[in-house]
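Good morning, and thank you for making time for this item. I would ask you to have the sequence and the structure open while I speak.

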Amino acid sequence: MLWKKTDYTGWGRALTATGEIARPERRSALDAILRDGLIPAIGMRRSYGDACLNDGGRAIDMTRLDRMLSFDAKTGILDVEAGARVGEIAAAFAPKGWLPAVMPGTGFATVGGCIAQDVHGKNHHNAGSFCQHVASLTLLTAKGPVEVSPEKTPALFRATAGGLGQTGVIVSARLKLLAAKGDVMVVTERRIADWDEFLARLDASDATYSVGWIDATATGAALGRGILEEGETGSGLIPQRPTSRKVPFNAPRFALSGPVVRLFNHAYYRRVPETGRTVVKPISDFFFPLDKIHDWNKLYGKAGFHQFQCVVPIASAPALREMLNRIATSGLASPLAVLKRMGPGRGGYMSFPMEGYTLAVDFPNRAEARELIRRLETQTIAAGGRVYFAKDSLAEGVDIGAMYPEIADWRKETAKADPEGRLATDLTRRLSLRSAP
């Protein structure tokens, strides 16, 4: 197998790594690579920070191991290799009346990555997390291949679900797809005037899918205003798909300056009529709205960006409001800010979701933004919440045990699956996840 020395980053591009990467195309090639020991696996590198980085070491790019192996139309069970992309699965099976049960905000995420982060989607309030719909998976550990399932190997499954790839290399999975009414989305959009109304609307929503865009620059009485989207699968004529665009170069710093973002957010808020509206969209436009803008991360310039995403319990909603107020008055937020209601579902010891509210906001990679995010992390812990490792790139010295109380169980299983710590990544080293601090 040819190893190629490469400079690479996560999606946020603020953190970088240099190391050798191999891209096997068949299981036999993967087995040959791992013959001398475990090596971290990576996918499309859509994690924003350093979860997918191994600076100075080797990594296995799994994106060529992307075949859909078999499908049972009676049960909705899909056998698929770990490098397959969620968006490709949705495109292939939506016309047949099936969708991945949980989809993150980008269709470029691989199945292996979705398992390693136990991702959530716009239906977490009723469908839970990605790994709650994984019937089983094949894992290559230091002791060889292991079939892992919630029933037969519950501890190892819970350590692998949201386990950041630290129990072995995920080779393939059996996914329980969700029956869909058709291959389009019927979406109701409405303006939300402020924070209190937003939470009330999210709590009352009985839609299968719901997500809120927040104007993270609005202050005062307008704090928390935004747009709520509620969606259901449906059938009908598919609107003409807009032509995809590509950001050709790194944008200058002023492109996302405070005044520009405020003007954009003002206009975006008013794109929806005061009375609301119902529209029909292609599946991808609803679930993966930014995917049609290739390399959109370049809008933040060469320095990249950081995303802060936390979840707090329902009772801590006032604390989350305080965080949003801090963000809104900082003048640093981008147009990309999302609010969702989460249910209790989670698949693993280190899975991010908890019942409550999750807020995600992008910030340009500047000193003042990094300081703001660190303060937000402190507020998150005080509120009984947690930060999302798929997005984190800055946390250091934080109380991981307070955010993830089952970390001792996870460490026990990772130590058995990878006793030499060969699967450690920049993120696990930065946060000392594999050993108690």
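I shall go through a sheet, a well-covered strand, a helix pair, the nonpolar core and a few individual loop residues. Please bear in mind throughout that this is a predicted model.

Let me begin with the sheet near the start of the chain numbering. Four strands make up an open sheet with mixed pairing, and their order is β1-β2-β4-β3. At the edges lie β1, residues 4-9, and β3, residues 41-42, each of which pairs on one side only. Within the sheet, β2 (residues 16-22) and β4 (residues 58-61) run parallel and are joined by 3 bridges. One position to locate here is Ala22, which stands opposite Ile60 in β4.

The loop between β3 and β4 deserves a moment. Gly43 is found there, and so is Arg45. Is Gly43 buried or exposed? Gly43 is buried, with a relative accessible area of 16%, the cut-off for burial being under 20%. Leaving out residues up to four places away in sequence, Gly43 touches Asp61, Thr63 and Thr110. Its C-alpha atom is 8.3 Å from that of Ile60, although the two residues are 17 apart along the chain. Arg45, by contrast, is partly exposed, at a relative accessible area of 30%. Arg45 also has a positive phi of about 60 degrees, and it is not a glycine. As general background, most residues other than glycine have a negative phi.

I turn now to strand β13, residues 209-214. How many of its 6 residues are buried? The count is 6 of 6. Both faces are covered: one side carries Tyr209, Val211 and Trp213, and the other carries Ser210, Gly212 and Ile214. Strand β13 has two antiparallel pairings to describe. With β14, residues 226-234, it shares 6 bridges, and Gly212 has Leu228 as its bridge partner there. With β19, residues 337-342, it shares 2 bridges, and in that strand the bridge partner of Trp213 is Val338.

Next, the helices. The axes of α9 (residues 317-328) and α10 (residues 367-382) come within 10 Å and cross at roughly 170 degrees. Angles over 145 degrees count as roughly antiparallel, and α9 and α10 are therefore roughly antiparallel to each other. On the α9 side, the contact involves Glu322, Met323, Arg326 and Ile327; these meet Leu372, Arg375, Leu376, Gln379 and Thr380 in α10. By character, the residues of this contact divide into 4 nonpolar, 2 polar and 3 charged.

That brings me to the interior. In soluble globular proteins, nonpolar side chains tend to be buried together. Here, the largest nonpolar core has 106 residues, and Phe363 and Leu433 touch the most other members. Helix α9 supplies the largest share of this core, with 6 residues.

Which residues does Leu433 contact, apart from neighbours within four places in sequence? They are Leu164, Met350, Phe389, Ile400, Ile407, Trp410, Arg411, Leu427 and Thr428. Leu164 in that list merits a closing word. It is found in the loop between α5 (154-160) and β10 (169-176). Leu164 has a positive phi, near 60 degrees, despite being a residue other than glycine. Whereas Arg45 is partly exposed, Leu164 is buried, at a relative accessible area of 9%.

Thank you; I am happy to take questions.

Methods:
Residues numbered from 1 in each chain as written. Predicted model: local features only at pLDDT ≥ 70, side-chain atom pairs only at ≥ 80, totals over all residues. Heavy atoms only, no water. Pairing = 2+ DSSP bridges. Axes fitted to C-alpha atoms, helices over the stretch in contact; angles between N-to-C directions. Parallel < 35°, antiparallel > 145°, perpendicular 65-115°, else oblique. Contact = heavy atoms within 4.5 Å. Nonpolar A, V, L, I, M, F, W, Y, C, P; charged D, E, K, R; others polar. Core = buried A, V, L, I, M, F, W, Y, C linked by side-chain atoms within 4.5 Å. Buried < 20%, exposed > 50% of the residue type's maximum accessible area, 1.4 Å probe, protein only.
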